[in-house]
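Subject: Handing over a structure, with notes on what was found

Dear colleague,

I am passing on to you the structure that we spoke of, together with its sequence. Please have both open while you read the notes underneath.

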Amino acid sequence: MVDDRERLSYGVYYGESFSVYIIDILSFFSAIIAIIIVIIAISVIIIIIPTITTLTTRSMITIASAAVTRDGYMDDCSSARLVISGDEDWREVHELRAGCDAILVGAGTLRKDDPALVIRDENLRRRREAAGQPADIIKVAVSGSGRLDPSLRFFTEGTGRKIVITRHDADAAAVEKYSRLAEVIRLPRITAGNIAGRLAEAGTGKLMVEGGAEILKMFFDEDMADRLRLAVSPLTLEEASGRRDICAPRLPYFEHLPFEGSATRRTHRAGAMTVNDYIIHPKADARDIELLRRAIDLSRLCTPTATAYCVGCVIATARGSIFEGYTHESGPHNHAEEEAILKAEASGADLSGATIYTSMEPCSTRRSKPVSCCELILRHKMERVVYAMAEPDKFARCDSDAILRKAGVEVVVPEGFARQVAEINGLTGR
Ligand SMILES: NC(=O)c1ccc[n+]([C@@H]2O[C@H](COP(=O)([O-])OP(=O)(O)OC[C@H]3O[C@@H](n4cnc5c(N)ncnc54)[C@H](OP(=O)(O)O)[C@@H]3O)[C@@H](O)[C@H]2O)c1
């Protein structure tokens, strides 16, 4: 007699009731559905979540900042903090901080230097408040172990948000001691990408990373630093501290600067320090987008002609003045950039260090005048050019983007605006 539980290898039951057979089929399909759900969940974790994080972090600007001795050291090995910067450099660093939403340091820096990381200058505090921002920027500490002393000035000073980024397996007792003084974010793995993702979610548009060496290395290794402000002292470590500490923290990759592929290096003096500004990934911030939009709006004021594009331009000087113009505003051959530059010149404004926003890439050659807008930008020593759309080779060949970048100007082309400019100029659908 055949056992009615006996099953043939090809999966058909002998003597089993029809209902049991149906239940087996349903179980089979349930298992398939469960497997599909698991696959979808894994895909979400592996593909979609990192993509969202990448998209949010892509819009965040990360500025690394450090002061080093002439031979690249960030400190010596003594218990006291080595003074590398002078007053002028500090003033600039505080100015840069005040333009950011958050400042981040590693636990090593907190333990060694106990920095307060607040904005003390009343003018800077007022300026932030007038712009609708809290007077203090968000302070962020990174500590894998979680072992930070709650009496550190990081916790006790300043009125702004304080965030400690730590690992899931951090020292729970240590974290508990400051858990009421700061928000604690636990990550399974601390990486620059994970940190940036969480800070972007918390509303950070501009992050300043002030060290120390291990933290900077993490940001450089993951290519997560968009800019590096590096103040270099005229003194070597030995000259500055009287010591020859080979254990002293050194700026990672100091001898490889500027990083390969990194664009611009601007250099200026801040007292005795030489300040190098490396633009690793040119990016637009919220203010850039606002002024680029304004430039595009201005281009709509221009009367279209058969011989020129309708372009709008805004110049923001280093001192905060704004000059605007659009094509043919005051002269039949004037480009938008020229119109804005003429107004700036008439008011006696200094355009060195300015940012120029134009709806279309500035011209590099032109038939109507001997000097191109690209040349004017270089002559006036403007530092940044933000434009919406590359100039089509309709009236003349345009090489400004390459010329400006080669000359050390930071060129930013934010995504998502070219179509508007093309429409304004009747260039769509061709
Ligand atoms: N000259 C300058 O501009 C400047 C600026 C800042 C600092 N400094 C100097 O730099 C020195 C400190 O630098 P440093 O390299 O020793 O320390 P650091 O970079 O400030 O901090 C290192 C600490 O951060 C945490 N950390 C970093 N990456 C991590 C990761 N991937 N996962 C988990 N935890 C991570 C760890 O904290 P836990 O130990 O808690 O796990 C690690 O010990 C000091 O001497 C300071 O004076 C100089």
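What follows goes through the two sheets, the helices beside them and the surroundings of the ligand.

Please bear in mind throughout that this is a predicted model.

I begin with the sheet of nine strands, which is open, has mixed pairing and follows the order β5-β4-β3-β2-β6-β1-β7-β9-β8. At its edges stand β5 (183-187) and β8, and because each of them has a single partner strand, one side of each is left without a neighbour in the sheet. Taken on average and with direction ignored, neighbouring strands here are turned by 20 degrees against each other.

Within this sheet, β1 and β6 are paired in the parallel sense over four bridges, and A64 is the residue that stands opposite V209 in β6. Further along the order, β7 and β9 (residues 273-279) run antiparallel and are joined by six bridges, with L230 standing opposite N276 in β9. The strand β8 (residues 265-270) also runs antiparallel to β9, and six bridges join the two; here R269 stands opposite T274 in β9. These two strands, β8 and β9, make a hairpin with two residues between them, and G271 in the turn has a positive phi of about 65 degrees.

Helix α2 lies across β1, β2, β6, β7, β8 and β9, and runs at about 165 degrees to β1. This helix (residues 87-98) also has a neighbour in helix α4 (residues 122-130), for the axes of the two come within 10 Å and cross at roughly 15 degrees. Since angles under 35 degrees count as roughly parallel, α2 and α4 are therefore roughly parallel to each other. Their crossing is right-handed, and the residues that meet are H94, E95 and A98 in α2 with L124, R127 and R128 in α4. Sorted by class, this contact has two nonpolar, one polar and three charged residues.

The second sheet is also open and mixed in its pairing, and its five strands come in the order β11-β10-β12-β13-β14. Its edges are β11 (322-326) and β14 (410-412), each with a single partner strand, so that one side of each is left without a neighbour in the sheet. The average turn between neighbouring strands of this sheet, direction ignored, is 15 degrees. Strands β10 (residues 312-316) and β12 (residues 355-360) run antiparallel and are joined by four bridges, and A316 stands opposite T355 in β12.

Two helices deserve a look beside this sheet. Helix α10 (residues 286-299) packs on the sheet and touches β10, β11, β12, β13 (384-389) and β14, with a direction that makes about 145 degrees with that of β10. Helix α11 (residues 336-346) packs on the sheet as well, touching β10, β11 and β12, and its direction makes about 140 degrees with that of β11.

I turn now to the ligand. Which residues come nearest to the ligand? Of the 27 residues around it, these are G106, G108, G144, G211 and G212. At least two residues of the shell are supplied by each of β1 (61-68), β2 (102-106), α3 (107-113) and α8 (213-221), and α3 gives the largest share, with five residues. By class, the shell divides into twelve nonpolar, eight polar and seven charged residues.

Finally, there are two places where the backbone is worth checking by eye. Most residues other than glycine have a negative phi, and most peptide bonds are trans. The bond that joins G211 and G212, however, is a cis peptide bond, with omega at about 0 degrees; G212 lies in the loop between β6 (206-209) and α8, and both glycines are among the residues that come nearest to the ligand. At the other end of α8, D223 lies in the loop between α8 and β7 (227-232), and phi of D223 is near 55 degrees, which is a positive value in a residue other than glycine.

With best wishes

Key. Residues are numbered from 1 along each chain as its sequence is written. This is a predicted model: local features need pLDDT of at least 70, side-chain atom pairs count only at pLDDT 80 or more; totals for chains, interfaces and linings use all residues. A residue is near a molecule or strand if its C-beta atom, placed from the backbone, lies within 6 Å of it. Ala, Val, Leu, Ile, Met, Phe, Trp, Tyr, Cys and Pro count as nonpolar, Asp, Glu, Lys and Arg as charged, and the others, Gly among them, as polar. Two strands pair if DSSP finds at least two bridges between them. Axes are lines fitted to C-alpha atoms, for helices over the stretch in contact, and angles run from 0 to 180 degrees between N-to-C directions. Two residues are in contact if their C-beta atoms, placed from the backbone, lie within 7 Å. Angles under 35 degrees count as roughly parallel, over 145 as roughly antiparallel, 65 to 115 as roughly perpendicular and the rest as oblique. A crossing is left-handed if the near helix is turned anticlockwise from the far one by less than a right angle, and right-handed if clockwise.
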